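Take a walk through this model, one part at a time. Keep the sequence and the 3D view side by side.

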Amino acid sequence: MKSRNNGSRIFLTELMFSILFFIIVSAICVQAFAGSFAKSREAKELTQAVNLATNAAEEYLTRDDFVSYTDYYDKNWQLLDGEEGEYKVTTLVIEPETNQDCQSMHVVVSNMDDEEIYSLVVKKAIKE
């Protein structure tokens with residue numbers, strides 16, 4: 001008497017390999033989507049930081065009475081009144097050492113752990 005299990009064994013083996021292949025491909029796809037989500041968040045953060053630093057630089061260049069400041073922003077990049085939030089923009093005006101040098105302003109956009117996201121240095125000649 002011959003048994004007919006050979007066909008079903010091959011089918012089950014092929015099915016197990018197909019499921020294993022599907023699991024491996026799914027794990028790779030999930031990892032790729034998680035990585036792209038993190039990159040997207042970092043890119044959004046950098047874009048907002050560049051915009052805020054550029055705005056501060058433009059304000060500095062157009063005003064003669066610009067003073068250093070620190071602004072705080074929430075996780076949605078909305079300006080806050082207090083000193084708590086997710087991000088901060090710090091500007092520092094540095095006076096020239098001699099009359100031939102230019103005045104400069106340093107802008108640093110960072111998170112609350114002081115990890116720099118973007119920084120910018122702007123120089124302008126002072127009218128005497």
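What follows covers the sheet, then a helix residue, then the salt bridges. The model is a predicted one.

Start with the sheet. Five strands form an open sheet in the order β2-β1-β3-β4-β5, and the pairing is antiparallel. The edges belong to β2 (79-80) and β5 (116-124). Each of these has a single partner strand, so one side of each is left without a neighbour in the sheet.

Now go through the pairings. Strand β3 spans residues 87-94 and strand β4 residues 103-111; eight bridges pair them in the antiparallel sense. Here T91 stands opposite V107 of β4. On to strand β1 (residues 70-73), which is joined to β3 by four bridges and runs antiparallel to it. D71 has V89 in β3 as its bridge partner. Two bridges pair β1 with β2, again in the antiparallel sense. Y73 is matched with L79 in β2. The hairpin of β1 and β2 has five residues between the strands. In that hairpin, W77 takes a positive phi near 60°.

Turn to the helix. Helix α1 covers residues 5-62, and A57 is found in it. Is A57 buried or exposed? Its relative accessibility is 7%, and the cut-off for buried is under 20%, so A57 counts as buried. Leaving aside residues up to four places away in sequence, A57 touches M105, L120 and V122. M105 falls within the range of β4, residues 103-111. L120 and V122 fall within that of β5 (116-124). Look back along the chain to G7, 50 residues from A57. The C-alpha atoms of the two are separated by 75 Å.

Last come the charged pairs. Side chains of opposite charge can pair when their charged atoms come close. The model has three salt bridges. In one, the side chains of E59 and R63 meet at 2.6 Å, N to O. R63 also forms a salt bridge with D65, with the closest N and O atoms 3.3 Å apart. E59 is partly exposed, at a relative accessible area of 29%. R63 is partly exposed at 32%. D65, at 54%, counts as exposed.

K88 and D114 form another salt bridge, their closest N and O atoms being 2.8 Å apart. This pair links distant parts of the chain: K88 lies in strand β3, D114 in the loop between β4 and β5, 26 residues apart. K88 is buried, with a relative accessible area of 16%. D114 is exposed, at 53%. As for E59, R63 and D65, salt bridges that share partners join them into one network.

Conventions: Residues numbered from 1 in each chain as written. Predicted model: local features only at pLDDT ≥ 70, side-chain atom pairs only at ≥ 80, totals over all residues. Heavy atoms only, no water. Pairing = 2+ DSSP bridges. Buried < 20%, exposed > 50% of the residue type's maximum accessible area, 1.4 Å probe, protein only. Contact = heavy atoms within 4.5 Å. Salt bridge = Lys/Arg side-chain N within 4 Å of Asp/Glu carboxyl O.
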